[in-house]
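Reader: I would like a close look at one part of this model, the charged side chains and the contacts they make, set out carefully and with the reasoning kept visible. Please take it step by step, and then place it beside a piece of the strand architecture.

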Amino acid sequence: ALKGLQFVTAKVGNDGWAAVEKRFNHLQVDGMLLRSRFGKCIGMEGSDEFAMQMFDSLARKRGMVKQVLTKEELKDFWEQLSDQGFDNRLQTFFDMVDKNADGRITSEEVKEIIALSASANKLSKIKERADEYTALIMEELDPNNLGYIELEDLEALLLQSPSEAVARSTTTHSSKLSKALSMKLAPSNDTSPLRRHWQEFLYFVEENWKRIWVMTLWISICIALFIWKFIQYRNRAVFHIMGYCVATAKGAAETLKFNMALVLLPVCRNTITWIRSKTKIGAVVPFNDNINFHKVIAAGVAVGVALHAGAHLTCDFPLLLHASDAKYEPMKPFFGDKRPPNYWWFVKGTAGWTGIVMVVLMSIAFVLAQPWFRRNKLKDTNPLKKMTGFNAFWFTHHLFAIVYALLIVHGTSLYLTKEWYKKSTWMYIAYPVFLYSCERIVRLFRSHDAVKIQKVAVYPGHVLALYMSKPTGFRYRSGQYIFINCRAVSPYEWHPFSITSAPGDNYLSVHIRTRGDWTSRLRTVFSEACRPPAEGESGLLRADLSRGITDSNARFPKLLIDGPYGAPAQDYREYDVLLLIGLGIGATPLISIVKDVLNHIQPGGSVGGAEPGSTGKAKKRQFMTKRAYFYWVTREEGSFEWFRGVMNEVAEKDKDQVIELHNHCSSVYQEGDARSALIVMLQELQHAKKGVDILSGTSVKTHFARPNWRSVFKRVAVNHENQRVGVFYCGEPVLVPQLRQLSADFTHKTNTKFEFHKENF
């Protein structure tokens with residue numbers, strides 16, 4: 001209780017009176033602070049209505065009726081709000097609710113403060129059910145049906161014992177948590193900068209050694225190829241005319257051929273999925289970084305193009321045109337007895353025009369692949385906005401089919417190389433192009449038949465859930481993803497989505513958040529076949545063909561799928577303990593993992609068994625995971641409807657709490673803040689009486705505000721000493737640096753090893 005009802009918190013007014021006074025001086029009008037600016041002045045931004053109610057209660061207590069404050073009056077208000085005494089805070093809160101100042105709170109006043117608290121915390125559903133929750137509070141605090149509650153009743157509610165679950169958790173872990181305080185988690189006090197930097201370097205190498213050796217090998221090969229070709233042309237007669245320009249151009253060309261071949265391999269998804277699923281190569285090769293490596297190679301191609309084309313166009317050709325007759329003599333076998341008449345002669349030649357066209361096409365594809373253009377982040381007023389977006393990225397990337405054709409023509413039309421066996425461009429790219437072509441053919445045939453849609457649900461937060469029949473022979477692992485195509489939306493676009501069903505389920509499901517044109521249109525076409533949910537069903541709209549329930553028996557559009565493809569989260573089975581962290585719709589691949597762990601729970605609470613559907617040698621691969629922690633952070637209360645069924649299933653089947661679920665609603669102010677105090681009371685009452693959380697609608701209690709990630713890691717480290725913990729994160733990249741750093745810190749300073757994996761989001 002002493003931690004609750006805080007009007008001054010870490011984020012409100014913690015900067016003290018001096019800062020409040022400074023804001024007063026900025027906001028005042030003729031020495032007066034308006035009531036509407038009170039919240040901003042004390043640092044309570046974003047809760048103007050709540051702040052004005054505070055203003056009214058404080059003014060009412062002092063018999064003030066005016067709507068403005070002097071600086072002295074503001075200081076008096078501030079001193080009461082910042083008073084850390086519990087009785088004072090309780091009285092202040094009571095006065096906010098007791099609008100007629102008669103010392104009694106009626107049900108109507110309770111309803112008003114519930115609506116006010118719900119609005120301040122952006123909880124529209126609680127506001128809609130204010131009557132129900134008012135009755136709940138009055139039933140608890142007014143058992144004699146007097147029609148009102150008093151200060152002592154409110155105090156009793158705040159001072160009640162913690163819930164049984166919390167008490168049990170606290171008792172169980174108290175000794176271990178105290179031990180965690182003695183661990184060496186604080187930053188090192190080593191004053192030697194050299195020793196500190198060396199330790200940081202060792203940590204970096206330990207965490208990134210896979211990336212380091214791959215990048216070192218790639219850079220070494222590029223340098224070796226450049227030097228080899230550079231020296232080769234350094235010793236040819238052409239060097240005496242074109243000098244280091246031609247040596248640089250040819251060295252860059254050799255690296256270009258290598259990189260143009262290599263850039264295709266990271267996007268051969270079927271091959272990579274097969275290798276990481278069927279072999280142990282993933283132990284030394286960072287397949288999770290395949291797209292990042294693709295981008296790095298593309299950057300290498302850009303550097304090679306700049307050096308090769310730049311040296312030829314600005315240096316080689318002008319030097320040859322201006323060479324003396326004596327110097328030109330050795331060049332006659334390559335350029336003819338008659339010297340090229342002008343610069344245009346080089347450009348219009350086969351090698352010239354193919355090179356220029358390739359540069360133009362590659363430049364267009366490279367620019368439109370940048371996140372700023374691919375995700376269409378340009379302003380609406382920008383005339384280039386219509387030329388950007390995913391479609392522009394997708395179609396321009398397929399221009400590389402033309403680029404590779406021109407590359408072969410370009411490589412066979414060299415001026416300075418006449419022997420066919422020395423024209424090695426086709427030798428570099430033959431196998432990668434063949435492999436990539438096979439990949440596309442496999443995708444074409446595999447995605448030919450449409451899947452059967454079984455069920456559709458449209459949820460709050462612009463989320464569409466699709467439940468499909470599982471194609472014959474379709475096997476996948478939790479954490480993997482598929483590509484989806486809907487001809488009714490766009491015949492050419494394929495978009496990736498994480499699979500939310502578990503391998504043991506007899507259906508295939510995805511949850512899609514509408515964040516762009518394609519997903520918005522997809523939601524629209526499926527919504528047309530849905531109807532409002534029946535009593536007890538979640539979502540805004542639903543359709544279930546297995547029950548014949550649609551809107552006028554409307555038909556669903558056809559869906560094609562391609563996959564499954566490997567992703568970082570699929571390696572979860574290799575860890576003793578899982579720490580799954582999802583932000584918003586980023587929970588999708590992690591939900592599949594939760595369901596798979598649930599399916600492997602055996603009588604007695606143990607977890608084990610082989611992979612579902614595995615045969616032969618695969619049966620020997622045991623399910624190693626023994627414990628899972630799932631943290632889901634979302635801004636909107638409606639988001640909990642997306643996976644309500646999974647939450648209920650875990651609560652029903654996981655009797656021994658192998659899976660620990662933690663839902664966090666970040667729109668609600670942290671526990672202890674006066675703005676969320678009543679929400680906390682309601683949650684405790686609802687859960688105690690009905691066993692259901694007021695936000696999630698499940699037995700899983702929702703926490704308010706974002707988790708303290710350091711405390712989360714500390715708790716896992718204490719509970720699982722000498723074990724490997726797989727940390728899997730999917731969500732916005734803003735949290736990645738913190739989670740990666742915490743994984744490293746706890747790995748190096750405790751005897752629990754945390755391995756961080758980031759899902760490409």
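Author: In this predicted model, K653 counts as partly exposed, because its relative accessibility of 47% falls between the limits of 20% for buried and 50% for exposed. K653 belongs to helix α26, which covers residues 644–653, and although 54 residues separate K653 from N599 in sequence, their C-alpha atoms are 9.2 Å apart in space.

Turning to charged pairs, the structure holds 25 salt bridges. One of them joins K111 to D131, with 2.8 Å between the closest N and O atoms, and this pair links distant parts of the chain, since K111 sits in helix α6 (residues 107–120) while D131, 20 residues away, sits in helix α8 (residues 130–141). K111 counts as partly exposed, because its relative accessibility is 28%.

Another salt bridge is formed by E641 and K125, whose closest N and O atoms are 1.9 Å apart. E641 lies in the loop between β13 (627–634) and α26, whereas K125 is part of helix α7 (residues 124–128), so this pair ties together parts that are 516 residues apart in sequence. The two partners can be told apart by their accessibility: E641 is buried, with a relative accessible area of 7%, while K125 is partly exposed at 31%.

The side chains of D596 and R573 also meet in a salt bridge, at 3.4 Å from N to O. Because D596 lies in helix α25 (residues 588–600) and R573 in the loop between β11 and β12 (577–583), the contact ties together parts that are 23 residues apart in sequence. D596 is buried, with a relative accessible area of 0%, and R573, at 7% relative accessibility, counts as buried. Beyond these pairs, R129, E132 and K690 are joined into one network by salt bridges that share partners.

As for the strands, β8, β7 and β11 form, in that order, an open sheet of three strands with antiparallel pairing. Its edge strands, β8 (495–498) and β11 (559–565), each pair on one side only, and neighbouring strands are turned against each other by 30 degrees on average, direction ignored. Strand β7 (residues 481–486) runs antiparallel to β8 and is joined to it by four bridges; F483 has P496 in β8 as its bridge partner. Across β7 and β11 lies helix α23 (residues 425–446), running at about 135 degrees to β11.

Key:
Residues numbered from 1 in each chain as written. Predicted model: local features only at pLDDT ≥ 70, side-chain atom pairs only at ≥ 80, totals over all residues. Heavy atoms only, no water. Pairing = 2+ DSSP bridges. Helix = DSSP H or I, 4+ residues; strand = E, 2+ residues; numbered from the N terminus. Axes fitted to C-alpha atoms, helices over the stretch in contact; angles between N-to-C directions. Contact = heavy atoms within 4.5 Å. Buried < 20%, exposed > 50% of the residue type's maximum accessible area, 1.4 Å probe, protein only. Salt bridge = Lys/Arg side-chain N within 4 Å of Asp/Glu carboxyl O.
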